[in-house]
Amino acid sequence: MSQGETVGPLDLAVGYMLKRAATALRTAMDTALRPLDLTVPQYSCLEVLSQRPGLSNAELARAVFVTRQSMNLVLRGLQDRGLVTRPATAPQGRALPSTLTPAGRAQLRTASGLVRAVEKRMLEPFTSTQQDRLLADLVACADALTPPDDA
């Protein structure tokens, strides 16, 4: 698109529709997680920690798409509920690696099932092949806008 071009009708703008879909997904996830007293960032933190235990606050923040300050609040809330544990002192450097507790793993199993149901509902209109294509297309979009690591 050159400088003179405009976005055009919003219902035909890919970026706008992508944001609309992301907002709808976030709202549905918020609704599904509310009975567990979990926010989407809290759920995301639990999910990331289950797959990559021992991440630091900064690493978790990047993985969950929140600021380090917000992640500190998320972790503190999860720790206060007994879902996550962090050492009182850093084993090396300043990073306090976080891990799920047994209660955190149990909460995650329930939450993950609820979130998966939301995702299935969102993908209902698509065949399996179309779902695979959608995932590949979304990865390509993200990759196209992500600067290389050495930039």
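In this predicted model, D137 is partly exposed, with a relative accessible area of 31%. The side chain of D137 pairs up with that of R133 in a salt bridge, at 2.7 Å from N to O. R133 itself sits on the exposed side of the scale, at 55% relative accessible area; the cut-off for exposed is over 50%, so R133 clears it while D137, at 31%, does not. Both residues belong to helix α6 (residues 128-145), and because they are four residues apart there, about one helical turn separates them.

That pair is one of three salt bridges in the structure. Another links R116 to E119, with the closest N and O atoms 2.4 Å apart. Here the spacing is three residues within helix α5, which again puts about one helical turn between the partners. R116 is partly exposed, at 38% relative accessible area, and E119 is partly exposed too, at 34%.

Then there is the bridge between R26 and D30, where the side chains meet at 3.7 Å, N to O. These two are four residues apart in helix α1, so about one helical turn lies between them. R26 comes out as partly exposed at 40% relative accessibility, and D30 falls into that class as well, at 26%. As a general point, side chains of opposite charge can pair when their charged atoms come close.

Turning to the inside, the largest nonpolar core has 27 residues, and L33, L38, C45, L46, L60, M71 and L78 are those with the most contacts inside it. The elements giving two or more residues to this core are α1, α2 (40-51), α3 (57-64), α4 (68-80) and α5 (102-123). Helix α2 supplies the largest share, six residues. In soluble globular proteins, nonpolar side chains tend to be buried together.

M71 gives a closer look at that core. Leaving out residues up to four places away in sequence, M71 touches C45, N57, L60, A61, V64 and V66. Two of these partners, C45 and L60, are also listed with M71 among the core residues with the most contacts.

Some nonpolar surface is left on the outside as well. V7, L10 and Y16 make a nonpolar surface patch of about 300 Å². Within this patch, L10 lies in the segment before α1 (14-33). L10 is partly exposed, with a relative accessible area of 44%; patch residues need over 30%, so L10 meets that requirement.

Terms used:
Residues numbered from 1 in each chain as written. Predicted model: local features only at pLDDT ≥ 70, side-chain atom pairs only at ≥ 80, totals over all residues. Heavy atoms only, no water. Patch = residues over 30% accessible without salt bridge, like charges linked within 9 Å, V, L, I, M, F, W, Y side chains within 5 Å. Areas by Shrake-Rupley, 256 points an atom, 1.4 Å probe, with all protein chains shown as cover. Salt bridge = Lys/Arg side-chain N within 4 Å of Asp/Glu carboxyl O. Buried < 20%, exposed > 50% of the residue type's maximum accessible area, 1.4 Å probe, protein only. Core = buried A, V, L, I, M, F, W, Y, C linked by side-chain atoms within 4.5 Å. Contact = heavy atoms within 4.5 Å.
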